[in-house]
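Q: Please take one part of this structure and go through it closely, residue by residue where that helps. Then connect it to the parts around it.

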Amino acid sequence: MNKKIGLKGFSGAGVFPKITDTSTEYGAEGTKIIFVGATSGNVTDNREDFSIMGDDTVYDSGSEWTSTDVEITVQEMALDAIAALVGCTLNEAKAAIEEGVFDIPAAVALVYRALRRDGGYRCYRYYNCKLKSVSVSHTTKGSSNDGQPYTLIFTCLPRMIDGAIRGTEDVADIAAADTWLSSIPAVTAE
């Protein structure tokens, strides 16, 4: 009997805060920023339809990938993590950030894993991402103990050296998943 490998979990989300992305080399560096309390991840591949006309009819048609949006919901965000993602100024002495219209989001590499029904994990790497938006809804505590999660939306583009967008691998257990998500292999032109 075949094991069922459907996905039923989401964890281990984080980003490597510094990437080198040129036509001759790719690398992801820095201490991984871990998203504490990650509760969900939603991936949307964006595509544009095309039609090529020929001989007074449609010669060819289809759709081409343009980008991927990854929306991650987390229970907490440290100010230094927000600063690293949005490209704003961090004042560590005051534990404060100052955000402005000229902030430029940093290019990062995004990783996470999804628990499979058979106990293994499906691991994902997105090589070149930028934070598109961060949002949180504040509500009065009242009689509720609900949290106020952050929603992070990343736009993911291909890396320059080889056009790769994401890497995906099935691994047997949590130890193998942790190893796979702990770094991203560098790529250099041959």
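A: A residue is called buried when its relative accessible area is under 20%, exposed when it is over 50%, and partly exposed in between. The model is a predicted one. With that cut-off, helix α1 is a good place to begin: its buried residues are Ala 81, Ile 82, Ala 83, Leu 85 and Val 86. Just after α1 comes Gly 87, with a positive phi of about 80°.

The part to look at closely is the largest nonpolar core. In soluble globular proteins, nonpolar side chains tend to be buried together. This core has 29 residues, and the members that touch the most others are Phe 35, Met 77, Leu 110 and Phe 154. At least two residues come from each of β1 (11–16), β6 (57–74), α1 (79–86), β9 (107–115), β10 (121–136) and β11 (150–157). The helix α1 gives the largest share, five residues. A second core, separate from this one, has 15 residues, among them Ala 109, Val 111, Ala 177 and Trp 180.

Take Leu 110 as one example from the first core. Leaving aside residues up to four places away in sequence, Leu 110 touches Gly 14, Val 15, Phe 35, Val 70, Ile 72, Tyr 124, Arg 125, Tyr 126, Cys 129 and Phe 154. Two of the residues named there, Phe 35 and Phe 154, are also among those with the most contacts to other core members.

Tyr 126 is a useful next step. This residue sits in strand β10, and its relative accessible area of 1% makes it buried. With the same neighbours in sequence left out, its contacts are Val 43, Thr 68, Val 70, Val 108, Ala 109, Leu 110, Tyr 112, Cys 156, Ile 165 and Arg 166. One of these, Ala 109, belongs to the second core. With Arg 166, Tyr 126 also has a side-chain polar contact of 3.3 Å. By contrast, Thr 188 is 62 residues from Tyr 126 in sequence, and their C-alpha atoms are 17 Å apart in space.

Thr 68, another contact of Tyr 126, lies in strand β6. Thr 68 counts as buried, with 0% relative accessibility. Its side chain makes two polar contacts with other side chains: one with Asp 45 at 2.6 Å and one with Trp 65 at 2.9 Å. Beyond four places in sequence, Thr 68 touches residues including Val 43, Phe 154, Cys 156 and Ile 165.

Moving from β6 to the loop that joins it to β5 (38–54), we reach Asp 55. Asp 56 lies in that loop as well. Most residues other than glycine have a negative phi. Asp 55, however, has a positive phi of about 55°, and Asp 56 has one of about 60°. Asp 55 is exposed, at 78% relative accessible area, and Asp 56 is exposed too, at 84%.

Charged residues come next. Side chains of opposite charge can pair when their charged atoms come close. The structure contains eight salt bridges. One of them joins Asp 170 and Arg 116, with 3.6 Å from N to O. Asp 170 is in strand β12 (residues 166–171) and Arg 116 is in the loop between β9 and β10, so this pair links parts of the chain 54 residues apart. Asp 170 is partly exposed at 34%, whereas Arg 116 is buried at 9%. Both residues belong to a network of salt bridges that also takes in Asp 118 and Arg 122. Another salt bridge, between Asp 162 and Arg 159, has an N to O distance of 2.8 Å. There too, the Asp is partly exposed, at 44%, and the Arg is buried, at 8%.

Last, there is an open sheet of three strands, in the order β2-β3-β13, with antiparallel pairing. Its edge strands are β2 (18–21) and β13 (187–188). Strands β2 and β3 make a hairpin with three residues between them, and four bridges join the two. Within it, Thr 20 has Gly 27 as its bridge partner, and Asp 21 has Tyr 26. One face of β2, made of Ile 19 and Asp 21, is covered, while the face with Lys 18 and Thr 20 is uncovered. Lys 18 forms a salt bridge with Glu 29, with 3.9 Å between the closest N and O atoms. Because Glu 29 lies in β3 and Lys 18 in β2, the pair ties together parts 11 residues apart in sequence.

Definitions and conventions:
Residues are numbered from 1 along each chain as its sequence is written. This is a predicted model: local features need pLDDT of at least 70, side-chain atom pairs count only at pLDDT 80 or more; totals for chains, interfaces and linings use all residues. Side-chain values use heavy atoms; hydrogens and water are left out. A nonpolar core is a set of buried Ala, Val, Leu, Ile, Met, Phe, Trp, Tyr and Cys residues joined through side-chain atoms within 4.5 Å. Buried means under 20% relative accessible area, exposed over 50%, partly exposed in between (1.4 Å probe, protein chains only). Contact means heavy atoms within 4.5 Å. Two strands pair if DSSP finds at least two bridges between them. A polar contact is a pair of N or O atoms within 3.5 Å; within protein, one must be able to donate a hydrogen and the other to accept it, and residues adjacent in sequence count only if both atoms are side-chain atoms. A salt bridge is a side-chain nitrogen of Lys or Arg within 4 Å of a carboxyl oxygen of Asp or Glu.
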